[in-house]
Amino acid sequence: MNTCFRRYAAMSLRARRDLALTFIQPLVYLALFGPLFVTTMKMSQRATAATGYSLYITGLSIQMAMTIGAFAGLTIILEYRLGILERIWSTPLTGSKMMAGRIARDVVMMMMPILVVFIIGLVLGTRPSPLGLATYFVTVLGTGATFDGVSYAVALRTKSEAALSAIFNLILLPILLLSGIMLPMSFAPHWIATAAHVNPLWYLVQGARNQFSVLGLVAAAPWSWAVAIVMSAAAFGWASHEFNKRR
């Protein structure tokens, strides 16, 4: 795992242009949609600017982990086309070690722009509690590891950039809308708010937001921890299985 992590982390750090681009989109979202979201919260729920930004920063961080992780599988498809995977499959390296190293690298890299957004949130007035900070990182890391693992599993099964992109372009928007990231489900019709409970990401968003500034433990937080751990473990297991099956 350590060897895989160091190898892929070094490759990511050498791709400076791609690394820089990962910072641009969240900053654009923060600059353009952030004030709109906060103003909406002020008008509809009489929230303060700090509360509005705490709701937005937590949601945006989970969204970033989701979208960055969803297309991680494109890299392993490229390695398959270049014959790199064939050489790896001829070694004793197991799928669990391979996926652990790759997912760990991806999660570390995706946390860099997310931490920038989090720090900007602190400047804008957000103040997380200790439990809120822990829940924030558990949900963000769990989301990133989940979508990363699923992306690798889909990539190893399809071996097609077009198929991977089509699948995630199809599912990301419904998942995003039903998670309440863009707008709280309290604004949605009853049937949409009910359907949101089927979306695991909804529990992560609720836990991160409800716990963020609260000192005591809120009911939604343990659910978000449990869902994050179960999802990321299931995604890791699926990706490892697909890697071993393709030997």
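**Aromatic pairs, salt bridges and the nonpolar core**

Tyr-136 is buried, its relative accessible area being 0%. In this predicted model, that residue offers a convenient point of entry, since Tyr-136 forms an aromatic pair with Phe-137. The two ring centres lie 5.1 Å apart and the planes meet at 80°, an edge-to-face arrangement. Phe-137, at 24% relative accessibility, counts as partly exposed, because the buried class ends under 20%. Both residues belong to one aromatic cluster, which also includes Phe-118 and Phe-212.

The structure holds eleven aromatic pairs. Another of them joins Phe-71 and Phe-168, whose ring centres are 6.1 Å apart; their planes stand at 55°, so this pair is tilted. Phe-71 lies in the loop between helix 3 (49-70) and helix 4 (73-81), whereas Phe-168 lies in helix 8 (residues 161-179); the pair therefore ties together parts that are 97 residues apart in sequence. The two partners also fall into separate accessibility classes: Phe-71 is partly exposed at 25% relative accessibility, while Phe-168 is buried at 1%.

Charged side chains provide further links, and the count comes to five salt bridges. One of these connects Arg-102 with Glu-79, with 2.9 Å between the closest N and O atoms. Arg-102 belongs to helix 6 (residues 95-123) and Glu-79 to helix 4, so this salt bridge ties together parts that are 23 residues apart in sequence. Both Arg-102 and Glu-79 are buried.

Helix 4 takes part in a further salt bridge through Arg-81, which pairs with Glu-161 of helix 8; the pair thus ties together parts that are 80 residues apart in sequence. The closest N and O atoms of Arg-81 and Glu-161 are 3.0 Å apart. Glu-161 is partly exposed, with a relative accessible area of 28%.

A third salt bridge to consider is that between the side chains of Arg-157 and Glu-242, at 2.7 Å from N to O. Here the parts tied together are 85 residues apart in sequence, because Arg-157 lies in helix 7 (residues 130-158) and Glu-242 in helix 11 (residues 220-245). Arg-157 counts as partly exposed at 45% relative accessibility, but Glu-242 is buried, with a relative accessible area of 0%. Lys-245 joins Arg-157 and Glu-242 in a network of salt bridges.

The nonpolar residues remain to be described. In soluble globular proteins, nonpolar side chains tend to be buried together. The largest nonpolar core in this model has 53 residues, of which Ile-62, Ile-76, Leu-85, Met-99 and Phe-243 touch the most other members. Ile-62 illustrates such a position: leaving aside its neighbours within four places in sequence, Ile-62 is in contact with Thr-139, Val-140 and Thr-143, with Ile-181, and with Leu-201, Leu-204, Val-205 and Ala-208.

Nonpolar side chains also appear on the surface, where Ile-24, Val-28 and Leu-32 form a patch with about 290 Å² of accessible area together. Val-28, a member of this patch, lies in helix 2 (residues 16-45). With 40% relative accessibility, Val-28 counts as partly exposed, because that class covers values between the 20% limit for buried residues and the 50% limit for exposed ones.

Definitions and conventions: Residues numbered from 1 in each chain as written. Predicted model: local features only at pLDDT ≥ 70, side-chain atom pairs only at ≥ 80, totals over all residues. Heavy atoms only, no water. Core = buried A, V, L, I, M, F, W, Y, C linked by side-chain atoms within 4.5 Å. Buried < 20%, exposed > 50% of the residue type's maximum accessible area, 1.4 Å probe, protein only. Contact = heavy atoms within 4.5 Å. Patch = residues over 30% accessible without salt bridge, like charges linked within 9 Å, V, L, I, M, F, W, Y side chains within 5 Å. Areas by Shrake-Rupley, 256 points an atom, 1.4 Å probe, with all protein chains shown as cover. Salt bridge = Lys/Arg side-chain N within 4 Å of Asp/Glu carboxyl O. Helix = DSSP H or I, 4+ residues; strand = E, 2+ residues; numbered from the N terminus. Phe/Tyr/Trp six-rings, centres within 6.5 Å; stacked < 30°, edge-to-face > 60°.
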